[in-house]
Amino acid sequence: MQYDKNNVFYKIINRELNANIILEGEHFLAFHDIAPKAPVHVLVIPKGCYVDYYDFVLNASDTEILDFCRGTAEIIKMMKIEKPGFKLVANAGKFSMNDEKGQEVMHFHFHILGKPLDDND
Ligand code: 5GP
């Protein structure tokens, strides 16, 4: 699928749309999902124009991929979810399970979902 710049994440990268940004690297941006489905729900996106995981891994440079992957790990640490565990989701295309929708925003992103430890854990 051809990348279409008319998507919300492209606008967030270019600061035409606001987002609650947590961390920015040379090649990635991480921000809170506007409609969180877990206590921690962060989206990590590459700054380059890639439609989905497949497009990203096949076409991005090693530097972009490394920066994106390390950025994702950094968010997991910042959100304190590395010990209790987390879910990493990347939708691609129309495929869906359990009545969830498929990919809605056609700019590659990881969903990081989790719940930090609290004092009782
Ligand atoms: P997808 O279904 O494409 O994997 O997930 C897209 C995600 O982007 C959804 O979880 C949705 O809530 C989130 N989202 C859509 N529009 C915006 C927006 O303008 N700002 C932020 N922060 N998240 C958005």
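**Exercise 1. Trace the salt bridges around R15, E24 and K47.**

*Solution.*
R15 forms a salt bridge with E24, and their closest N and O atoms are 2.8 Å apart. The term means a side-chain nitrogen of Lys or Arg within 4 Å of a carboxyl oxygen of Asp or Glu. The model is predicted: local features need pLDDT of at least 70, side-chain atom pairs count only at pLDDT 80 or more, and totals for chains, interfaces and linings use all residues. Residues are numbered from 1 along each chain as its sequence is written, and side-chain values use heavy atoms, with hydrogens and water left out.

Next, take the other partner of E24. The side chains of E24 and K47 also meet in a salt bridge, at 2.7 Å from N to O. This pair links distant parts of the chain: E24 sits in strand β1 (residues 21–24), K47 in the loop between β3 and α2, 23 residues apart. Helices (H or I, at least four residues) and strands (E, at least two) are DSSP runs, numbered from the N terminus.

Now join the pairs. Shared partners put R15, E24 and K47 into one network. By this rule the count comes to 2 salt bridges.

Last, check accessibility. Buried means under 20% relative accessible area, exposed over 50%, and partly exposed in between (1.4 Å probe, protein chains only). R15 counts as partly exposed because its value is 45%. E24 is partly exposed at 39%, and K47 is partly exposed at 27%.

**Exercise 2. Place R15 and D99 by backbone angle and by accessibility.**

*Solution.*
Start with R15. Its loop runs between α1 and β1. Phi of R15 is near 60°, a positive value in a residue other than glycine.

Then take D99. This residue lies in the loop between β4 and β5. Phi of D99 is near 65°, again positive in a residue other than glycine. D99 counts as exposed because its relative accessibility is 82%.

**Exercise 3. Describe the surroundings of H27 and D55.**

*Solution.*
H27 is in the loop between β1 and β2. H27 is buried because its relative accessible area is 19%. Leave out residues up to four places away in sequence: H27 then touches I45, P46, K47, T63, E64 and D67. Contact means heavy atoms within 4.5 Å. H27 and P116 are 89 residues apart in sequence and 26 Å apart in space, C-alpha to C-alpha.

Turn to D55, in helix α2 (residues 53–59). D55 is buried yet has no salt bridge. The nearest side chain of opposite charge, K5, is 13 Å away. Lys and Arg count as positive, Asp and Glu as negative; His and the chain ends are not counted. With residues up to four places away again left out, D55 touches C49, Y50 and A60.

**Exercise 4. Characterise the largest pocket.**

*Solution.*
Volume: about 960 Å³ of space lies in the largest pocket. A pocket is an open set of points on a 1 Å grid over the protein atoms alone, where a 1.4 Å probe fits, with protein on both sides within 12 Å along at least five of seven lines; lining residues have an atom within 4 Å of a point.

Lining: 34 residues line the largest pocket, and D33, K37, H41, N91 and H111 lie nearest its centre.

Elements: α1 (8–13), β2 (28–32), β3 (40–46), β4 (86–89) and β5 (110–114) each supply at least two lining residues. α1 gives the most, with 3 residues.

Definitions and conventions:
Points joined across faces, edges and corners; volume = space filled by probe spheres on them.
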